[in-house]
Structures are given as structure tokens and as C-alpha cells.
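Student: Please take one part of this model and look at it closely. Then connect it to what surrounds it, with the cut-offs behind each term.

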Amino acid sequence: MGMSVTISAAAEQDAEQIFRLQYLCFQSEAALYGNYRIDPLVQTLDSVREEVAGDCVVVARLGDEIVGSVHGRITEDGAAAIGKLCVHPRLQGHGIGARLLRAAESALAGEGGARTFRLHAGHRSESNLRLYSRVGYQRVGTSRGADGVPMIVLEKDAETYATTA
């Protein structure tokens, strides 16, 4: 008999598991770019704790284990910046990433009043780009991460969220 994955807001005591999960999950992304200085790999445990305490952080749990997470916050222009979406490698491809995104969008639109959802994906991250497209995000531009990785900027109107949730 299997356990089901539940989605909920992260709690303070989840920070260390999120920290470890990000480190595991973003190894493949770093290898894709030959750059092991990407933000999720160099982030400190203390800064993950700060995010959990002050921003919107949603986790996927399988029993007591955190198997996925996503981070979001409202920016000065009223958009919700969503990032660091990750799902444990053994559970990828089962819809957990899409569920995490929907939960973060719901929280950021409801409590945060976001008008637009915005995220960045590495230009070589084809599976991520497919997921974002499938859940309604559209490419609106490009940028370069602080680590030098070329990024694609994607957005979705918060009103669109209501029709895709």
C-alpha cells in the first residue's frame, strides 16, 4: 500500500530538508550548464530558513519526507516571482511539480494579490520549459542569471491561473 504525496505550506522546521533537497535536485541542472555555482547550490541553510519564514514556500511531502518544494514572493511590480521548483529525482514525472506550482500560484494570488506569475528557466532546461508551457506560462523574454546562465523569462496572468487550476 503506497502513501500519497501531500502539498502544504513549509514550516520553519522544514528548512533543512528543503536545503538538502535543493542541493540534490539542482545537481543535474548544474551539470547541464557546467556551472556548479547556480543559486540553489550555493544558497546557505540560513537563507533557506529566511525564505521559509518570510516568503511563500510550498512543499510536497511523502510521509515525513519532503520530496518537492517551490519558492515564491511578491515583487515590487506586483508580480509573483516563482523559483527553485524541485522534485526528488525518484518522483519526477508524476505531476508533483505542477501541483507545487498550482499551490504556490494559489497562495500568491490569494494572500499576496499577485497580478502576474513570473519565473525563469535555464535555456537548456527543456523538461522544465515543457512543464511551464503545459501549465500556461508563455515566454516573454530572456535574461542572464547572476551565475551567468542564459535564462528564459516566462509569465502567466493571475487571471489565467483561475482557468488552469
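Tutor: Start at Gly136, which sits in the loop between helix 6 and strand 6. Helices and strands here are DSSP runs numbered from the N terminus (helices H or I, at least four residues; strands E, at least two). The model is a predicted one, so local features need pLDDT of at least 70 and side-chain atom pairs count only at pLDDT 80 or more, while totals for chains, interfaces and linings use all residues. Residues are numbered from 1 along each chain as its sequence is written, and side-chain values use heavy atoms, with hydrogens and water left out.

With a relative accessible area of 25%, Gly136 is partly exposed. The classes are buried under 20% relative accessible area, exposed over 50%, and partly exposed in between, with a 1.4 Å probe and protein chains only. From Gly136 to Glu65 the C-alpha distance is 29 Å, with their positions 71 residues apart in sequence.

After that loop comes strand 6, which is hardly covered: zero of its seven residues are buried. Strand 6 pairs with strand 7 (residues 150-157) in the antiparallel sense, over six bridges. Two strands count as paired if DSSP finds at least two bridges between them. One of the bridges joins Thr142 to Ile152 in strand 7. The hairpin formed by strand 6 and strand 7 has five residues between the strands, and there Gly148 takes a positive phi near 90°. In a regular strand the side chains alternate between the two faces of the sheet.

Strand 6 also belongs to the surroundings of the main open space. The largest pocket has a volume of about 1300 Å³. It is lined by 50 residues, and those closest to its centre are Phe26, Lys84, Leu85, His120 and Tyr132. Helix 2 (27-33), helix 3 (39-42), strand 3 (65-74), strand 4 (79-87), helix 5 (96-110), strand 5 (116-122), helix 6 (126-134) and strand 6 (138-144) each give two or more residues to that lining. On a 1 Å grid over the protein atoms alone, a pocket is an open set of points with protein on both sides within 12 Å along at least five of seven lines, a cavity is a set where a 1.4 Å probe fits but cannot get out, and lining residues have an atom within 4 Å of a point. Points are joined across faces, edges and corners, and a volume is the space filled by probe spheres set on the points.

By type, the pocket lining divides into 22 nonpolar, 16 polar and twelve charged residues. Nonpolar covers Ala, Val, Leu, Ile, Met, Phe, Trp, Tyr, Cys and Pro; charged covers Asp, Glu, Lys and Arg; the others, Gly among them, are polar.

Some of the contributing elements can be taken in turn. Strand 5 is mostly covered, with five of its seven residues buried. Strand 4 and strand 5 run parallel and pair over four bridges, one of which links Ala80 to Phe117 in strand 5. In helix 5, the buried residues are Ile96, Gly97, Ala98, Leu100, Leu101, Ala104, Glu105 and Leu108. The 15 residues of helix 5 should span 21 Å at 1.5 Å a residue, and its end C-alpha atoms are indeed 21 Å apart. The expected span is 1.5 Å times one less than the number of residues.

Lys84 deserves a separate note. It lies in strand 4 and has a phi near 55°, a positive value in a residue other than glycine. Lys84 counts as buried because its relative accessibility is 16%.

Lys84 also lines a second space, the largest cavity, along with Ile18, Gln22, Val48, Glu51, Val52, Val57, Ser69, Val70 and His71. There is one cavity of 30 Å³ or more, and the largest has a volume of about 40 Å³. Helix 1 (15-25), helix 4 (45-54) and strand 3 each supply at least two residues of the cavity lining, which divides into five nonpolar, three polar and two charged residues.

Strand 3 also holds Gly72, which is buried at 0% relative accessibility. The C-alpha atoms of Gly72 and Tyr132 are 15 Å apart, across 60 residues of chain.
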